[in-house]
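Me: Could you take a close look at one part of this structure, namely the place where two strands from separate chains meet, and explain it for a first-year student?
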Amino acid sequence: MSEEKVIFGRSGGFFPVFERRPGPIKSNMHYCPGCGHGILHKLIAEAIADFGIQDKTIIIAPVGCAVFSYYYFDCFGISAPHGRAPAVGTGLARANPDNLVISYQGDGDLASIGFNHILQAANRGENLAVFFVNNAIYGMTGGQMAPTTLPGQKTQTTPLGRSVSSEGYPLKVSETVAALDAPVYVERCALSTVQKIRKARLAIRKALTNSIERKGFSLVELLSGCPVNLKMNAQDMNEFLDNQMSRYFPLGVYKDIADSRDPINRPVGIYQPEAVRELLYPVRVADGVSESFRNPSRIFQSERRIKLCGSGGQGVLSLGYMLATMGKLRNFNVSWLPSYGPEMRGGTANCSVVLSRDPIGSPVVDKECNLLLALNQPALEKYLPTLKSNGILLYDESNGKCPDEVLERVIYTLPASDLAKQLGDLKYANSMMLGAVAVMMCDLFLDEEDKADFDRVFEEAIMDCFHEKEHVVKNNIKAFYIGKAKAKRIRN
Amino acid sequence: MEYTNRILLKGNEAVIYGALLAGCECFFGYPITPASEIAHTAARCFPKLGRTFLQAECEIAAINMVMGAAANGRRAMTASSGLGISLKQEGISYLSGEELPALVVDIMRAGPGLGNIGPEQSDYNQVVKGGGHGSYHCIVLSPASAQEMCDFPLLAFELAEKYRIVVYLLTDGVIGQTMETVTLPEPLSKRAEVPAWALDVSRPRTNLISSIYLEHDDLEALNKKLQSKYAEIRANEQRCEEYKTQDADIVLVGYGISGRLCRSAVDELRAKGIKAGLLRPITLWPFPVDAIRALGQAKEFIAVEMSDGQMIDDVKLAINCDRPVHLINRMGGNITTIDEIVKRVTEIVGAKEA
């Protein structure tokens, strides 16, 4: 008896026994006789074993006949939803650049339901090796038309043959991907003759090498047989691949620029708490007050609701933000809610600010507001009904005097925009309006110590917002005091 | 340089600060109003910490990128609003079947269809009841302030990893858009560990993430395993905030901005002599049924929500419909006002007394 000797065995990239395969058969694959998947699996398995990369290779199983590819490959595996493998692969490749990610996809998966994903991943130059099986038909679901089905080819959903006037022409994936700037390598091969399979073997190794070297996106398209669904024998199948499919899908290298590309360099995440705090926490710019500080004036004992309005571009939102910042710096709970979306793009802009010692209920100020800051007449007219009967109105009268019909209210006015322009920039109108607020607050509500604190907190707030721009801070403070000097109450 | 942990942030900004402090490594998203500031803030802050921000080509891609990063054992998140969440449902079903932890933020706007960008709470059913295919649940936390938007990502990742489940933060456009004072939490003391099951070089390569089970019995076994996990979550993870409920005759139930409005309404109603209270669910799934059932003295419940009445079903189920449950709602981007709530509750109480 001579000893049995294995000369050419199963590749090391496969499991020795296919335990994951349900049912009694654990030694061979689920693919039909003559199917290209088995050949391609073997080429990939050999390559990942030869390259010694199994411990960091993740093969994404598509939806299609290769959905069960994880039965066979001895490396990490994940199933993606139909067509989404390039997105799943993007997540894997970005999460850890050490991952070697293979997206294994068929023509329905890649070229139909997931075509946008593959183009976008290619266009981003993701570090993926994509192996694209083009067999001109949907195999798994039983022989329906694929985007790569040839004109005239009969399938379950083109019983009379694919009509180019109805279903269009076979989709040329390699050509399309190669037309993008980012991909480094695109080649179309065929799994037909031994010679062509050997060429495919090299292409697969090249794509994987690109991934290992982090050169980015490689795609190898493989024309592949599906004799069962195409109802062909082995000989006819090869004839179909080499003569009919190859006519629409010419074999060859469509792009190969990996040598000219630098490896992708992704940043390294920072998690050390001190560093995170430094990068994320705001800089403390003012000494401010202690956490227990409370302004004593009675006005601050209940919730104060403020509405600010004007036209888009007048700085209404930043005026509200300044008020909210002042509140924050004096330990109030504050809320600031802008009008958002299309309303901001032209027309009136408004925002709501609430200051309270207690938790704030509604951040929406749509009635009973204590203070209305209106930067023009249309906004004033629109929001005046939200003002409480004893509420106070602050009005920028640059664009016209305060309308007569509101004169029974407590009103403070200031030509803020005009004065701001004189100071050199309309942007300073906000600080001038806050100067007017200071005058009003001092006249009506503030204890002596809070009067001086209002100026202080304004200056702190300006620092808080603009500490990197010294001249902006200086001019805003100047504007504030001009506002304080020029604001006046309308006596009625 | 000296730092402070007090900051003014929109809810949409706060959730990114919270996520980064909770060690989130990857953000994948797609622009949509009123959730876009989440992506803006992520685009600014993730790279600052050397972490991954990527604008995906679509909502579907974003959730699948999250799937990839989560499979790798990384803390990953995405964010969107109703329409985008509809598109993500396929991926969320997969994540659930694959038992992958992830954070999904939904800042609800008005629907159906394109609707408008005003706030609504009409994604409740598609998020809380599971909008994708299959028998699965996600834990749903509902923040009602910028502070909670900042605090909840840490809780979300802890729960997500503990149970291997998708955790949503579900709130409305008002909470997303409102800027409030926030006290930033402390950053995680160290990078979150890569879980044993992850597809990571530090783990055995036999690790496999899949939701396909060809044998019916195998898939049934997975489903049973999921259901027992959900039972455990129902038993252990219900959360809510109660305000003046202990002696309340009438209990308002509302989440997100509606919960905030109800709190103010309760004070006004109490001032008028009506014994009202608020139960604000913090977990919408699991719904805080135990807390609701404990309110045996309550005579009536009122669901306050910005939808056709979606959460109200869970209130009714919680009490087995044994007492009246009323609905106060607005739709189309309109926000319920405190006045309306007070008026309607007063009417309801009045009608009962009459």
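Reply: In this model, strand E9 (333-338) of chain A is joined by two bridges to strand E9 (residues 179-183) of chain B, and the two run antiparallel; strands here are DSSP runs of E with at least two residues, helices are runs of H or I with at least four, and both are numbered from the N terminus, while two strands pair if DSSP finds at least two bridges between them. The model is a predicted one, in which local features need pLDDT of at least 70 and side-chain atom pairs count only at pLDDT 80 or more, whereas totals for chains, interfaces and linings use all residues. Residues are numbered from 1 along each chain as its sequence is written, and chains are lettered from A and ligands numbered from 1 in the order in which they are written.

Within this pairing, Ser335(A) stands opposite Glu180(B). The strands belong to a wider meeting of the chains, where 61 residues of chain A are in contact with 75 residues of chain B, contact being counted if the C-beta atoms of two residues, placed from the backbone, lie within 7 Å. On the side of chain A that touches chain B, E9(A) is one of the elements that each supply at least two residues, and helix H4 (115-124) and helix H11 (316-329) are also among them, but the most comes from H2(A), with eight residues. By kind, the residues of that side divide into 32 nonpolar, 18 polar and eleven charged, where Ala, Val, Leu, Ile, Met, Phe, Trp, Tyr, Cys and Pro count as nonpolar, Asp, Glu, Lys and Arg as charged, and the others, Gly among them, as polar.
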